[in-house]
Amino acid sequence: MAFYICNKYLGREVRVEERRQLLHKGLKAAVFGIPLLAIGLTINSSVLMTDAGYSYVHQNNLTGELDVFTEPGIHFRMPFLSKITKYDQLITVSFGNNKGEDFYQRLDAVQVRFADTYIGQIPVTFRFKLSNDPAAIKKMHREFRNNTNLIDALLVKNARNVTVITATQYTGEEFFQGGLNQFKSKLGDQLREGIYLTERRQVEVEELDLAPVGVNQSNANQLQRTNQLVWKTVPVEDDTGRPIRQDNPLQQYGIQVTQVTIGDPQPENQLDQLLADKKRLVADRIRAIQEQETSKAQAETEQLRKEIQRTREVQDAQRRKELAIIAQQKEVEVARQIAEREIVEVEKTKRLAEVEKEKELAIAEANLAIQKANALSAEFEAKAIREKGRAEAEVLKAKYAALGANREVYLAELNRDVANSLYNNLQNFQVQMPQNYIGGGEAAGLKTNLDVITGFGALGLMDQTKKVVQK
């Protein structure tokens with residue numbers, strides 16, 4: 001029991017010592033960690049890292065100064081006594097687009113009232129670009145304080161206001177029947193340069209329409225111009241013809257409108273019914289015009305068919321007449337060509353005879369000339385042969401006369417030449433006598449094959465005997 005009490009006392013002292021060490025470590029960590037944390041928070045609050053696509057307004061609460069940063073980078077600010085407001089440099093405001101990511105892109109389509117009191121829904125998207133001028137950004141920040149207020153109080157309201165005012169310058173039919181592109185151009189122009197100063201005035205509108213369908217009308221498909229008086233809101237122009245504008249609220253802040261995009265506008269039911277009825281009336285008119293044009297075309301086609309038949313018959317008669325004339329002219333031409341050919345044949349025969357005679361005469365004259373030339377050639381050839389013989393005889397005579405005068409010298413040269421020839425040809429010549437001879441007269445000669453074989457056999461025995469003797 002005493003041992004148990006002692007162990008319990010010792011364990012309690014150990015736990016107290018551990019708690020004391022933990023408390024000491026916690027105080028030590030707090031002493032070193034709190035200053036480090038304060039330094040880290042101070043450094044973090046002193047540095048501003050800006051991103052591309054945003055404009056930052058730094059408000060120093062100690063001095064009240066404003067600094068603007070429009071480029072990405074690292075900037076210094078007053079720690080704990082400054083405020084940073086971020087603005088989008090490019091802002092998209094979309095009316096009627098439910099697929100946007102930001103709240104200002106999920107607005108309803110703009111409801112407008114046209115000059116003829118019809119109502120329509122126009123989905124339109126605007127893209128704005130903020131200025132990079134620090135003075136303009138500071139002025140904008142002082143008046144709107146943050147990006148959300150800028151969009152709600154300025155961009156959205158101004159875009160809706162300009163869209164509604166621009167729509168009053170068009171009638172519903174004019175807008176939905178081809179005026180959308182012009183509406184878009186005027187809307188963008190008034191957003192960039194300022195709203196037109198307008199007045200309500202009754203103006204004459206010129207329209208192009210199909211001419212009424214009539215029986216006596218030559219061309220029912222022809223367009224005609226019609227004039228109609230309507231009340232419209234028209235711009236007030238100055239002396240130079242330019243529209244007078246009101247102040248542009250975006251211009252003082254340097255905000256630019258870079259893009260205006262219009263979707264598929266929707267008219268109200270009455271205007272939609274009016275357009276559908278007009279479309280149906282136009283379709284009925286076109287159908288009636290097509291039927292009238294078809295009947296007229298059928299009548300004109302029948303008339304043309306008759307004219308073509310009559311023209312064809314006239315052309316056939318004219319062709320037959322021309323063919324008869326051509327046949328007669330052909331016969332006359334054939335007879336004329338036959339006569340001319342016969343004349344040509346006679347002239348040809350006559351000319352051939354003349355040419356043949358001329359040819360024979362030319363051949364005779366040529367033969368005569370050839371014979372004369374041959375005679376002259378033979379005569380000259382005989383003279384040449386005779387002169388040549390005389391010359392050779394004289395040369396031979398002179399040669400023999402010279403040889404006769406030197407007879408001994410000439411004979412000595414002949415003997416020398418003969419001796420040289422014999423010596424050159426007989427210096428290696430040898431004469432050997434045959435060792436055996438088989439022959440005889442007419443009575444003892446070799447008369448049969450047996451005699452020849454017997455003789456050769458004897459010669460063979462003699463050769464063998466000679467070889468045995470030599471050994």
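User: Leaving aside its neighbours within four places in sequence, which residues is asparagine 248 in contact with?

Analyst: Asparagine 248 touches four residues once those neighbours are left out: Leu191, Arg192, Glu193 and Gly194. Keep in mind that we're looking at a predicted model. Take arginine 192 as the example: 56 residues separate it from asparagine 248 in sequence, but their C-alpha atoms are 7.6 Å apart in space.

User: Where does asparagine 248 sit, and is it buried or exposed?

Analyst: Look in the loop between β11 (223–235) and β12 (256–262). Buried is the label for anything under 20% relative accessible area, and asparagine 248 has 10%, so it is buried.

User: On to the sheets. How should I read strand pairing in the one that contains β6, β9 and β12?

Analyst: Pairing in a sheet works through backbone hydrogen bonds, and it comes in a parallel and an antiparallel form. Here the three strands make an open sheet in the order β6-β9-β12, with antiparallel pairing. β6 (90–95) and β12 are at the edges with a single partner strand each, so each has one side without a neighbour in the sheet. From one strand to the next, the twist averages 15°.

User: How many bridges does strand β9 make with β12, and what is the bridge partner of arginine 127?

Analyst: β9 (residues 124–129) and β12 are joined in the antiparallel sense by six bridges. Find arginine 127 and look across to β12: its bridge partner there is glutamine 259.

User: Which strands does α3 touch where it packs on the sheet?

Analyst: α3 touches β6 and β9, and its direction is at about 50° to that of β6. Helix α5 (residues 180–193) also packs on the sheet, where it touches β9 and β12; the angle between the directions of α5 and β12 is about 160°.

User: What is the strand order in the open sheet with β2?

Analyst: The order is β3-β2-β5, an open sheet of three strands with antiparallel pairing. β3 (66–69) and β5 (82–88) are the edge strands, and each pairs on one side only. The twist averages 20° from strand to strand. If you want a pairing to trace, strand β2 (residues 54–60) runs antiparallel to β3 and is joined to it by four bridges. Valine 57 has valine 68 of β3 opposite it. Then add the helix: α2 lies across β2, β3 and β5, at about 120° to β3.

User: Which phi values should I check in the loops, say for threonine 117 and arginine 145?

Analyst: The general idea is that phi is negative in most residues other than glycine. Threonine 117 has a positive phi, near 70°. You'll find threonine 117 in the loop between β7 (110–113) and β8 (119–122), and its relative accessible area of 51% makes it exposed. Arginine 145 also has a positive phi, near 75°. Its place is the loop between α2 (134–144) and α3 (147–167), and arginine 145 is exposed at 53% relative accessible area.

User: How many salt bridges does a search of the whole structure find?

Analyst: Ten. To call one, check that a side-chain nitrogen of Lys or Arg is within 4 Å of a carboxyl oxygen of Asp or Glu. Glutamate 302 and arginine 305 make such a pair, with their closest N and O atoms 2.5 Å apart. Both belong to helix α6 (residues 269–405), where they are three residues apart, about one turn of the helix. Glutamate 302 is partly exposed at 38% relative accessible area, and arginine 305 is partly exposed at 48%.

User: How far apart are the closest N and O atoms of glutamate 354 and arginine 351?

Analyst: They are 3.3 Å apart, and the two residues form a salt bridge. Glutamate 354 and arginine 351 are three residues apart in helix α6, so about one helical turn separates them. Glutamate 354 is partly exposed at 34% relative accessibility, as is arginine 351 at 47%.

User: Which residue does glutamate 387 meet in a salt bridge?

Analyst: Arginine 390, at 3.6 Å from N to O. Again you're in helix α6, with glutamate 387 and arginine 390 three residues apart, about one turn of the helix. Both count as partly exposed: glutamate 387 has 43% relative accessibility and arginine 390 has 47%.

User: Which residues are linked in a network of salt bridges?

Analyst: Look at Glu333, Arg336 and Glu340, which salt bridges link into a network.

Technical notes. Residues numbered from 1 in each chain as written. Predicted model: local features only at pLDDT ≥ 70, side-chain atom pairs only at ≥ 80, totals over all residues. Heavy atoms only, no water. Helix = DSSP H or I, 4+ residues; strand = E, 2+ residues; numbered from the N terminus. Buried < 20%, exposed > 50% of the residue type's maximum accessible area, 1.4 Å probe, protein only. Contact = heavy atoms within 4.5 Å. Pairing = 2+ DSSP bridges. Axes fitted to C-alpha atoms, helices over the stretch in contact; angles between N-to-C directions.
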